[in-house]
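Here's a quick walk through one helix and its surroundings, followed by a look at some charged pairs. Keep the structure open while you read.

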Amino acid sequence: MNTTDARRILETALICATQPLSVRELRVLFDDVLGADTLKSLLTELQSEWSQRGVELVCVSSGWRFQSRPEMRPYLDRLNPEKPPRYTRAALETLAIIAYRQPVTRGDIEDIRGVTVNSLVLKQLEDRGWVEVIGHRETVGRPSLFATTRQFLDDLGLASLDQLPALDDAEHQARILQSLQSGPGLDEPELPLGDGVAEPAPASIAMTAEQPAASPVAGTDSNASELPGLDGDLFTVPGTGHAHE
């Protein structure tokens, strides 16, 4: 089989797939005749072929997929206009703490945020597929240990946790927040610990987006009004692109 046919097969499989496909799964297309290195080379060539189109081939945590480019979102939204999901500060801070400090217990999250964590928020994050229980800490009560999932990375368009923005990179964090899309808003009242006053998480751990990017970034929506912003106690979190379904 020549490389042109192999690329055509890969392209067809990826376009028709409803979920990202790993290299191991893609090898099945060729009865394992093509090795992993060969497939990765062919996938890189496919990426280059699609580089000037409205759809791009990307590698995320679960594998490879085609998705629309972020700059196409304003046009695609006209087909299915809907309001972006809204997430509470509490939900975003909880998710950020888990992402950067994992594995963590509910108590760890409460110590950082200074307020109790509503069980509903953790359940909603689990239902959304962004966090999961990966074990229990060997201490009194054996509290659950929470960590992020592959789905979380897929929704952000990341291949690994190493690609998360640095804690002091507010601009990159803003773009990461834009990638969280296609889910119901998470709502939770602030519950102070004891008689104390509810305090927000430190700026270095909260994935906030109070300051818009200084300049447009390639591959993101250049409309500054689309950057996440604060609306009362809720963040408005627009998405960036649509995965091919």
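## Helix H6 and the salt bridges

Let's start with helix H6, residues 106-113, where Asp108, Ile109, Glu110 and Arg113 are buried. Bear in mind that this is a predicted model. What do the buried residues of H6 pack against? Their partners are helix H5 (89-101), strand S4 (115-116) and helix H7 (119-127). Right after H6 comes Gly114, with a positive phi near 80°.

Now for the charged pairs. The count comes to 12 salt bridges, and the table shows three of them, including the N to O distances.

| Acidic residue | Basic residue | Closest N to O |
|---|---|---|
| Glu49 | Arg7 | 2.8 Å |
| Asp32 | Arg27 | 3.7 Å |
| Asp127 | Lys123 | 2.9 Å |

Take Glu49 and Arg7, which form a salt bridge. Glu49 sits in helix H3 (residues 36-49) and Arg7 in helix H1 (residues 3-16), so this pair ties together parts that are 42 residues apart in sequence. Is Arg7 buried or exposed? Arg7 counts as buried, at 16% relative accessibility, while Glu49 is partly exposed at 38%.

The Asp127 and Lys123 pair stays within helix H7: the two are four residues apart, so about one helical turn separates them. Asp127 is exposed, with a relative accessible area of 56%, and Lys123 is partly exposed at 47%. Beyond single pairs, salt bridges with shared partners join Arg7, Glu45 and Glu49 into one network.

As for the remaining pair in the table, Asp32 is partly exposed at 47% relative accessible area, and Arg27 is partly exposed at 26%.

Note on methods
Residues are numbered from 1 along each chain as its sequence is written. This is a predicted model: local features need pLDDT of at least 70, side-chain atom pairs count only at pLDDT 80 or more; totals for chains, interfaces and linings use all residues. Side-chain values use heavy atoms; hydrogens and water are left out. Buried means under 20% relative accessible area, exposed over 50%, partly exposed in between (1.4 Å probe, protein chains only). Contact means heavy atoms within 4.5 Å. A salt bridge is a side-chain nitrogen of Lys or Arg within 4 Å of a carboxyl oxygen of Asp or Glu.
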